[in-house]
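User: I would like to go through this model step by step, with the reasoning behind each answer spelled out.

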Amino acid sequence: MASDPLNTVTADVQLFTKDHPLSFAKGGQLTEVTVRYETYGTLNENKTNAVFVCHALTGDAHAAGQRDGEKKPGWWDSLIGPGKPIDTDRFYVICPNLLGGCQGTTGPSSINPATGKSYGLGFPALDMRDFVSVHRGLVSHLGIDTLLATIGGSLGGMQVLQWALDAPQDMASAIIIAASSRLTAQNIAFSAVAREAIMRDDGFSGGQYVDEGTSPDTGLSIARMMAHITYTSEGALWDKFGRSPQNTDLSGDLGVDFAVESYLQYQGETFLDRFDALSYLYLSRVMDYFDPFAHDGACELLSDHPVPTLVCSFSSDWRFSSRQSKRIATRLERAGVPVTYQEIEAGVGHDSFLLEIPDYLELVGNFLDYRLEVAHDSSR
Amino acid sequence: MTLRVDFSLISSWVSPSARVLDLGCGHGTLLHRLATDKSCRIQGVEMDPESLLSAVSKGVPVMKMDIDKELDAFTDNSYDVVILSRTLQAVHRPASVLTHMLRIAPTAIVSMPNFGYWRNRLRLLSGRAPISKDLPYAWHDSPNIHFGSCKDLESLFAELGFTIAECVPLSATGRVSHLPTVTRNFSAGATVYRLTHRTP
């Protein structure tokens with residue numbers, strides 16, 4: 001294999017122990033947590049160039065680069081790599097699979113070492129703060145005091161926001177993209193349908209499907225099909241498919257007839273290869289309950305240690321609309337945080353945050369470049 | 001790049017470490033200077049994407065916001081100074097924007113091109129809409145939708161209960177004018193005001 005321009009490292013690390021267990025925000029403990037993570041680039045001598053990437057609901061640690069045998073590069077390859085906004089020639093990039101996930105990090109379908117069976121629905125209920133606890137454990141394992149930036153889109157952006165509120169001293173800046181600080185009733189409604197589809201599937205087996213040898217494939221793929229519609233936009237689907245038939249003519253029967261139907265079915269099926277139903281339930285539930293500004297004093301730590309923050313939304317995103325990003329920006333501004341907020345013109349809906357949109361890449365690039373300049377100046 | 005004269009003037013009116021909000025901050029040049037020279041806690045608002053990108057490169061925080069519709073987002077007295085530089089003539093509701101400014105901070109700094117400047121009057125007499133350094137656009141593609149003179153603006157300040165703490169006329173070339181302040185409605189290309197609430 002040719003030398004890797006990203007200098008990729010993939011690793012698993014055991015965080016937390018019997019003496020120092022992970023205590024969940026809503027109760028419960030785990031004495032060992034495995035975290036799968038990838039790093040790109042090189043940590044500089046002063047350890048001032050680290051950018052921590054938080055992934056979205058169905059992301060994983062493989063954020064960038066394309067390896068032999070892979071059909072597609074990592075999920076944020078548009079932003080991360082040599083010469084890209086998160087330039088791996090200058091930044092050291094860390095991206096873990098999040099707690100509760102299913103791509104190498106401990107989650108509800110992992111085997112509970114105490115019982116030898118999967119955790120199933122016995123896995124502790126998750127909260128955004130738990131993701132932050134584990135992220136902080138990883139940063140400390142890597143021996144980094146201050147991150148140059150934390151960055152994430154969608155659920156990833158929510159982790160960044162929670163982290164900035166809980167431990168602003170960990171970061172010199174924060175980037176929150178296409179996120180929300182409080183899901184709307186419509187958002188929760190979509191999640192509810194997805195969860196119902198999974199839990200009503202007989203293969204769900206009360207959450208113990210790993211041990212039972214069943215699998216809620218129908219439910220999980222329907223959940224994905226529906227969610228996928230909300231990640232795109234009316235215009236984007238029309239441009240891609242219009243009303244064109246999947247085969248030469250529309251047959252008029254109840255099967256998959258339109259091209260868009262076939263596309264959705266493909267999305268649902270391929271999702272089964274890479275995602276776990278319990279992870280979907282647990283992680284989507286975290287978003288429903290997320291409301292970090294709800295309690296008094298939520299911004300106290302951040303006010304004392306204001307972290308320059310970039311908040312960014314996309315004009316056609318109706319899942320987490322610009323209004324939701326503006327709310328984050330306004331709340332932070334009121335807390336005395338220097339906030340940059342921009343709405344990027346883009347037609348493809350929520351998934352815009354994954355795409356190569358020049359205005360968006362330039363915004364993130366400019367913001368990070370300035371932060372790196374400041375870090376260099378202060379370490380001189 | 002040399003700093004605009006009105007920026008130097010405005011900067012001299014801002015105390016060190018002040019919390020400063022600049023509405024229509026453009027490329028963030030003034031805010032950048034206030035942060036660098038005076039350790040101000042700065043925040044900008046700007047609609048133009050190119051300007052915003054350039055401000056971000058300087059480390060100036062800028063929110064994309066519509067000054068006409070979204071100033072509600074800022075809480076009462078959350079800043080020491082709010083600046084509106086050469087933007088008032090382009091907003092839809094100048095009175096509402098000005099009222100918000102002195103709600104958000106005890107001091108507002110406002111500058112506006114003077115429609116009453118003698119060259120503008122002359123051009124109007126010749127039968128054409130004014131075009132000058134301060135009003136550089138043709139009538140049909142101008143972002144400016146309100147054409148007021150110093151006198152007009154000052155009577156609006158009075159109506160809103162604002163006190164003019166300081167007032168500096170600028171010449172048509174943008175320098176601090178050496179002509180007497182009293183002739184500003186005739187001689188100034190633009191005027192910069194420092195405003196406070198009228199003390200009861």
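**Strands, domains and contacts**

Analyst: In this predicted model, E1(B), helix H2 (residues 29-38) of chain B and E2(B) make up a β-α-β unit that is right-handed.

User: In which sense do strand E1 (residues 19-23) of chain B and E2(B) pair, and which residue is the bridge partner of B:Leu21?

Analyst: E1(B) and E2(B) are joined over five bridges, and their pairing is in the parallel sense. Within E2(B), the residue that serves as bridge partner to B:Leu21 is B:Gln43.

User: Which residue does B:Val45 stand opposite in E3(B)?

Analyst: E2(B) is also joined to E3(B), by two bridges, and these strands run parallel. In E3(B), the residue opposite B:Val45 is B:Met63.

User: Why can strand E2 (residues 41-45) of chain B be called largely enclosed by the rest of the structure?

Analyst: The argument rests on burial, for which a residue needs 20 or more other C-beta atoms within 10 Å of its own. Strand E2 of chain B is largely enclosed by the rest of the structure because, of its five residues, the number buried is four.

User: Which element gives the largest share of the side of chain B that touches chain A?

Analyst: The contact involves 19 residues from chain A and 14 residues from chain B. On the chain B side, the elements giving two or more residues are helix H3 (49-57) and strand E3 (62-63). By class, that side has eight nonpolar, five polar and one charged residues. The largest share, five residues, is that of H3(B).

User: How many residues of domain 1 of chain A are in contact with domain 2 of chain A?

Analyst: Chain A is divided into domain 1 (9-182 + 290-379) and domain 2 (187-286), and their C-alpha centres lie 26 Å apart. On the side of domain 1 that touches domain 2, there are eleven nonpolar, eleven polar and four charged residues. Domain 2 of chain A takes part with 19 residues, and domain 1 of chain A with 26.

User: Where does the largest nonpolar core lie with respect to the domains of chain A, and which helix gives it the largest share?

Analyst: This core has 159 residues, and A:Val51, A:Ile175 and B:Val20 are among those that touch the most other members. Leaving aside residues up to four places away in sequence, the contacts of A:Ile175 include A:Ala149, A:Leu310 and A:Phe367. Because domain 1 and domain 2 of chain A both give residues to the core, it lies between them. The largest share, eight residues, comes from helix H8 (residues 277-289) of chain A.

Conventions. Residues numbered from 1 in each chain as written. Chains lettered and ligands numbered in written order. Predicted model: local features only at pLDDT ≥ 70, side-chain atom pairs only at ≥ 80, totals over all residues. Contact = placed C-beta atoms within 7 Å. Nonpolar A, V, L, I, M, F, W, Y, C, P; charged D, E, K, R; others polar. Buried ≥ 20, exposed ≤ 12 C-beta atoms within 10 Å, placed from the backbone. Pairing = 2+ DSSP bridges. Right-handed = clockwise from strand over helix to strand, strands pointing away. Domains from an automatic or database assignment. Core = buried A, V, L, I, M, F, W, Y, C linked by C-beta atoms within 7 Å.
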